[in-house]
Amino acid sequence: MASDSRPRSAGDGRPRPATVPDDELARRVLNLVWRRRAVSRAEIARSTGRSRSTISEVVGRLLGTGLVAEVGAGESRGGRRPILVGFEDEAGVILGVDVGATHISVILTDLRGNTLAWRERSHPVRSDPKGAEALITGLGEACLAEWNGDRSRLMGIGVAVPSPVDPGSPDRVLERVLPAWRGHGVLDRLNSVFRVPVFVDNDANLGAVAERWWGEAVGIDDFVYLKVATGVGAGIMINGEIHRGATGVAGEIGHVAIDPNGPECVCGNRGCLATFVGTRQLVDRARSLLNSYPDSILAGTEPGIRAIEDAALADDPLALQVVNEAAVRLGIVVAGVLNLLNPGSVVLGGSLARAGDRLIRPLREAVATRTLVASAAASDIRTSDLGERAVALGAATHVLVAALANPRLFPGVIPA
């Protein structure tokens, strides 16, 4: 017997959405509607191989949840024009949080990844976990206030952290990377303030998620996202899924040693990639070159990473030397990744990606001399177009992916 798809009462006279059917067919239909945006019941039946009557029953129940709606008539194939079913992108909202080493960014999106609000603030995250926790909730509240919608439509929060994340203990960051965070998590306060599910993952992993859904890697199942910022990390996508390794530390490419006699790294080793191409290291290198380039745009300044990038884009020789040196060192490790994993693409994100072709050209040259099939390996290295919001967007998308896999996470959906 078909289930009742009418909205239920919340006990105060207001209707409540009906339960999303907890079965594989309902998930397949919901995901198909999300991907296609507008699709007829007949097309859903053909795509799933199920009968029209079965699909009509499932769609009827989904209509009662508010996640999908009838959105107009489609093209006729000789009979009546079919009624199209579309996904309601505004049925819920998601907060995505990027907890960087020196900043916190928060984005509010709808269920199509569109930005509804954005906040960013510099903060000494490494040394002030309590202040960081307060700032995360404050920026989240500010985004919701700017949006000014129904708070009950907030379905979850995704959090990106600059540390490996153990799937068994997602609320704990690696103390060797962030020693001041010993005993501090990111879930409890967010749960108590916003009362929605919270999902935590590594920042580079979530940068890869953003690229896969909205950026340079749409349609690519196997690629590596390389985030170059205060630290250096990689999100590895294999068969369309993030590869986390046995204990969640896969992708810590910044701790590949490229010079055993190099500077000491926070991990305890020497000469790690991050000790040469992290934000602070690039700024220090630029400062050390100022006397050698008296005519540089950066002469007489205290250059920051953004000023270095701007100068490189203006073909300033000092800035180009800094970027070229970073590209060569990145190339050593990227070549190893290409030889090992043979990804379909490498996407560079983080602050240094703003240098664009000034970074990509020398990087490709460095990779080409170190890969087994140089011309193929070096041809598909690109920079991200998602900009500074990439990781926060990936954090929000992490929640969306979870909800499409388990529709009970969507707002207003109640257990059977």
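**Entry 1. Asn148**

I began with Asn148, which is exposed at a relative accessible area of 66%; exposed means over 50%, buried under 20% and partly exposed in between, with a 1.4 Å probe and protein chains only. The model is predicted, so I note that local features need pLDDT of at least 70, side-chain atom pairs count only at pLDDT 80 or more, and totals for chains, interfaces and linings use all residues. Residues are numbered from 1 along each chain as its sequence is written, and side-chain values use heavy atoms, with hydrogens and water left out.

I then looked up the backbone of Asn148 and found a positive phi of about 60°, although Asn148 is not a glycine. Asn148 sits in the loop that links helix 4 (129-147) to strand 9 (154-161). Helices (H or I, at least four residues) and strands (E, at least two) are DSSP runs, numbered from the N terminus.

**Entry 2. The sheet 8-7-6-9-10**

I followed strand 9 into its sheet. The sheet is open and has 5 strands in the order 8-7-6-9-10, with mixed pairing; two strands pair if DSSP finds at least two bridges between them. Strand 8 (115-122) and strand 10 (198-202) are at the edges with a single partner strand each, so one side of each lacks a neighbour in the sheet. Neighbouring strands here are turned by 15° against each other on average, direction ignored.

I checked one pair: strand 6 (residues 93-99) and strand 9 are parallel, over 6 bridges. Val97 is found opposite Val159 in strand 9.

Which strands does helix 4 lie across? I find strand 6, strand 7 (103-109), strand 8 and strand 9, and helix 4 runs at about 150° to strand 8. Axes are lines fitted to C-alpha atoms, for helices over the stretch in contact, and angles run from 0 to 180 degrees between N-to-C directions. Helix 13 (residues 390-405) lies across strands 6, 7, 8, 9 and 10, at about 135° to strand 6.

**Entry 3. The sheet 13-12-11-14-15**

I turned to an open sheet of 5 strands in the order 13-12-11-14-15, again with mixed pairing. Its edge strands, strand 13 and strand 15 (381-383), each pair on one side only. Strand 11 (residues 223-228) and strand 12 run antiparallel and are joined by 6 bridges. Lys227 has Gly233 of strand 12 as its bridge partner.

Helix 10 packs on this sheet and touches strand 11, strand 12, strand 14 (345-349) and strand 15, with its direction at about 160° to that of strand 11. Helix 11 (residues 357-368) also packs on the sheet, touching strand 14 and strand 15, at about 160° to the direction of strand 15.

**Entry 4. Asn239 and Leu340**

I looked up Asn239 in the loop between strand 12 (232-238) and strand 13 (241-242). Asn239 has a positive phi near 55° without being a glycine, and its relative accessibility of 61% makes it exposed.

Leu340 belongs to helix 10 (residues 317-341) and is exposed at 69% relative accessibility.

**Entry 5. Thr48**

Is Thr48 buried or exposed? I find Thr48 buried, with a relative accessible area of 11%. Thr48 lies in helix 2 (residues 41-48). Apart from neighbours within four places in sequence, Thr48 is in contact (heavy atoms within 4.5 Å) with Leu25, Arg28 and Ile55.
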